[in-house]
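Below are some notes on this model, set out as numbered points for a colleague who will want to check each one against the coordinates. Please read them alongside the sequence and the structure.

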Protein chains: 4
Amino acid sequence: MSSQTSSEKTMTAKAPRLERGRARVAALLAAGAAVFAEKGYDAATMTEVAAKAGASIGSLYQFFPTKPLLAEALHLDLLEKLTALLDLLGRDVAGRPAAAVMDELFARFGEFLEANPAFSALADRRDIDKERKKQTRAQLRGLIAALLTGAEPPVPSARAEAASVVVLHLIRAATMLKESDEAPVRGAALAEMRRMLAAYFA
Amino acid sequence: MSSQTSSEKTMTAKAPRLERGRARVAALLAAGAAVFAEKGYDAATMTEVAAKAGASIGSLYQFFPTKPLLAEALHLDLLEKLTALLDLLGRDVAGRPAAAVMDELFARFGEFLEANPAFSALADRRDIDKERKKQTRAQLRGLIAALLTGAEPPVPSARAEAASVVVLHLIRAATMLKESDEAPVRGAALAEMRRMLAAYFA
Amino acid sequence: MSSQTSSEKTMTAKAPRLERGRARVAALLAAGAAVFAEKGYDAATMTEVAAKAGASIGSLYQFFPTKPLLAEALHLDLLEKLTALLDLLGRDVAGRPAAAVMDELFARFGEFLEANPAFSALADRRDIDKERKKQTRAQLRGLIAALLTGAEPPVPSARAEAASVVVLHLIRAATMLKESDEAPVRGAALAEMRRMLAAYFA
Amino acid sequence: MSSQTSSEKTMTAKAPRLERGRARVAALLAAGAAVFAEKGYDAATMTEVAAKAGASIGSLYQFFPTKPLLAEALHLDLLEKLTALLDLLGRDVAGRPAAAVMDELFARFGEFLEANPAFSALADRRDIDKERKKQTRAQLRGLIAALLTGAEPPVPSARAEAASVVVLHLIRAATMLKESDEAPVRGAALAEMRRMLAAYFA
DNA sequence: TATGAATGAGAGTTCATTCAT
DNA sequence: CATGAATGAACTCTCATTCAT
């Protein structure tokens, strides 16, 4: 009830040991993704997440002891998927010109964000750990820079570094655009962005 | 036809009649801007806004009957300033090449966002009126497009339209970048963005 | 919602500014005393306190932002009363023999504890601030020691110091005895305690 | 007359049949003692007890179907140890003067309480059965009274009865003092208590 | 029996908003 | 208009206890 327990609050999401638990966790993460995507991090409630997962509130808290921890787990999960996607992309486009590589990246990243709308919602929440955020961005930038230095002709490492920041933000901008603007504007804008990238890397 | 009571909650914030009231409203708006910028829209509390303005909670509600209405008023206020800024810019840079115009736009818009951090916080809140949001974006795009068609040589209207979307997002990206990444990365990225714009409009 | 606010959690109970508020606070404190006394600190609920005071839960939290703070306020309140009582006692018994002084102290302190059962409940809660607890005990010991050194013949300061600890605990023991044991045992035990004190100071 | 199902929750903790079970129970009791002592009865959680015993929560409930029952079992366990200790003491000090007997009692009881901090925590919980509590206290008083009537010269039975109450509380006071006050005060106070007892029985 | 997931009532706390003075 | 007390729905989180495997 009161107590300053010895178990730090920095605890991670508890991993399930049984098969049943594993299914629960999956359902909870899916529900979390849906609710965070729909309502945004702040407005999402743990109660709704549990309900949408068909679980009791206690069950949700068994595996994700706090709301930030649920968000974090979800974020990490999506980040892994994204990394895998970029790795795959790297193998697919190695040796092609930078402009083409970027075009492909743009397309696939866009699909990912569209398929995982929770990602944007989670990436932007304010109570995220500063350090982790920095690391995450650095990691993504690294992957993008690698794509550029692996192009043919290769983009010089220094410029690839700087460009990765821009590309990252451009992609994010493209996503936000998807949800906010109306269809006709959107199409033209996306085309324009690709053109811009092409011009930039030509 | 005659009465149409103004008790609707959808109405705008009540305008003060006395001079004292005007000062109050200014203080409340300033406080609101500060709190929204610091905590974000969701985490900001009406109580804190009132306190920071040196007013009572009742007084705050006298002028802004609702939290969304306060946000809206603030947003509109900032939007006006921004519009004025872009108008001025239009006069200053008329007749110069598109790339130069964009560079200047980039710089001034950036300054504005840095000076008014509440703008970003308010532009992104989820309960904003869809229609108004659309209109706002359209208006901003119009202003930017006007800058482009007013350049020398003029950018064709159709392309200016499409480009304005991209430019708008790029600028926003530049701002987010300012608060998230560390200084060295930041500088390089900003330079890169300007280079990109230059390449695009060359 | 999220936020690490700048307003420290060490805040004190907010003081009411209006007359109505003053009445509320009094009612809340009284209700708190009743509930803490009846259920003990841990089992007492804020909801019950508010209900017993005829106030809404929000109203309770307006003045006492946390449960520990309510307890603290109550404790301090009772402590003041007790100090006043001991001061008065000091004036009443100055110049009488130590044994008689202690007998009187024993009686009045007992009455106080019986009239304010919340005092025991609050003095024993576990999440109390260590430092404050020490200070409180020291203060009480000081008052008791003063009674002894003010007796005729005066008890030497050093011995008064040590004795005060014992007396304090004896009195508390007497109280616990009142609530736990059955009446006949109680009477005999109280008499015995007084005899013990008399023998000790003779 | 015949069946009387044992499903009542008022029953005692189930006794284990196997050797393995006996070890489990011992571990659970030890863990319970540790947790109750550290956190107090209310703040202690069944989950933490199970964890500290290296058992699952289900296993804990197998043997102790309820939190109060666990506390009760523990309390009884400690009470037995204490009784044994007092019995032994009775044999050791028979025939010595009352003051010396009390001094020895004081010392050994103190050691016991220090070695078994859970005892105090459990003796004070509020949901304890009133009747059992009374019996327990009566039993302890009886043992102490027996020590006094067995002294040389023997304390009259009536006075021994009354004195036992006082002595019991004095000892408890001595324990509480150990955890709350700072070392220097403590030493002096303990000495003072012994002096008081000596004066009382002289 | 042992395990650990499941449950849900209930506790503390927050905050937008209303209302009496 | 100003003030600050009042309200209560809603939220996050806890924990004793039950249940399926």
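**Notes on the predicted model**

1. Among contacts in chain A between residues at least 6 apart in sequence, 66% join residues at least 24 apart. That figure, like every other value in this note, comes from a predicted model and should be read as such. Chain A holds nine helices and zero strands, so that, by the DSSP rule for helices and strands, its elements are written from the N terminus on as α-α-α-α-α-α-α-α-α. Along the principal axes, the C-alpha atoms of chain A fill a box of roughly 65 × 40 × 30 Å, and 46% of its 202 residues count as buried.

2. The contact between chains A and B deserves a paragraph of its own. It draws 36 residues from chain A and 35 residues from chain B, and the two chains bury about 2900 Å² between them, with 66% of that area on carbon and sulfur atoms. On the side of chain A, the residues that lose the most area to chain B are A:His169, A:Glu192 and A:Met196, which together account for 21% of what that side buries.

3. Turning to the polar side of the same interface, the rule finds two salt bridges across the interface of chain A and chain B, and one of them joins the side chains of B:Glu192 and A:Arg159 at 3.5 Å, N to O. Ten residue pairs in polar contact are also found across this interface, counting pairs with both residues at pLDDT 80 or more. The elements of chain A that give two or more residues to the side touching chain B are α1 (19–39), α7 (130–149), α8 (157–180) and α9 (183–200). Of these, α8(A) gives the most, with 13 residues, and the residues of that side of chain A divide into 17 nonpolar, three polar and 16 charged.

4. Which residue does the side chain of B:Lys39 contact? B:Lys39, which lies in helix α1 (residues 19–39) of chain B, makes a polar contact with the side chain of B:Glu48 at 2.9 Å, and the two residues also form a salt bridge, with their closest N and O atoms 2.9 Å apart. Buried here means under 20% relative accessible area, and B:Lys39 counts as buried because its value is 9%. B:Glu48, at 19% relative accessibility, counts as buried as well, although a reader may wish to keep in mind that the cut-off is 20%.

5. A search of the whole structure finds 37 salt bridges over all chains, and a few more of them are worth following by eye. B:Arg125 forms a salt bridge with B:Glu72, the closest N and O atoms being 3.7 Å apart. This pair links distant parts of the chain, since B:Arg125 sits in the loop between α6 (118–123) and α7 (130–149) of chain B, whereas B:Glu72 belongs to helix α4 (residues 67–93) of chain B, 53 residues apart. Both B:Arg125 and B:Glu72 are buried. In chain A, a network of salt bridges links A:Glu72, A:Arg125 and A:Arg132.

6. In chain C, the side chains of C:Asp92 and C:Arg108 meet in a salt bridge at 3.0 Å, N to O. C:Asp92 lies in helix α4 (residues 67–93) of chain C and C:Arg108 in helix α5 (residues 98–115) of chain C, so the pair ties together parts that are 16 residues apart in sequence. C:Asp92 counts as partly exposed, at 42% relative accessibility, whereas C:Arg108, at 18%, counts as buried.

7. Finally, the aromatic residues: by the rule applied, the count comes to 15 aromatic pairs over all chains. B:Phe109 and B:Phe112 form an edge-to-face pair, 6.5 Å centre to centre and with 65 degrees between the planes. Because they are three residues apart in helix α5 (residues 98–115) of chain B, B:Phe109 and B:Phe112 are separated by about one helical turn, and both of them are buried. The rings of B:Tyr200 and B:Phe201 have centres 4.7 Å apart and planes at 65 degrees, so this pair too is edge-to-face. B:Tyr200 is buried, with a relative accessible area of 3%, and B:Phe201 is buried at 12%. Ring pairs also link B:Phe109, B:Phe112 and B:Phe119 into a cluster.

Notes
Residues are numbered from 1 along each chain as its sequence is written. Chains are lettered from A and ligands numbered from 1 in the order in which they are written. This is a predicted model: local features need pLDDT of at least 70, side-chain atom pairs count only at pLDDT 80 or more; totals for chains, interfaces and linings use all residues. Side-chain values use heavy atoms; hydrogens and water are left out. Contact means heavy atoms within 4.5 Å. Buried area is the accessible area (1.4 Å probe) that two parts lose on being put together, summed over both. A salt bridge is a side-chain nitrogen of Lys or Arg within 4 Å of a carboxyl oxygen of Asp or Glu. A polar contact is a pair of N or O atoms within 3.5 Å; within protein, one must be able to donate a hydrogen and the other to accept it, and residues adjacent in sequence count only if both atoms are side-chain atoms. Helices (H or I, at least four residues) and strands (E, at least two) are DSSP runs, numbered from the N terminus. Ala, Val, Leu, Ile, Met, Phe, Trp, Tyr, Cys and Pro count as nonpolar, Asp, Glu, Lys and Arg as charged, and the others, Gly among them, as polar. Rings of Phe, Tyr and Trp (its six-membered ring) pair if their centres lie within 6.5 Å; planes under 30 degrees apart count as stacked, over 60 as edge-to-face and the rest as tilted. Buried means under 20% relative accessible area, exposed over 50%, partly exposed in between (1.4 Å probe, protein chains only).
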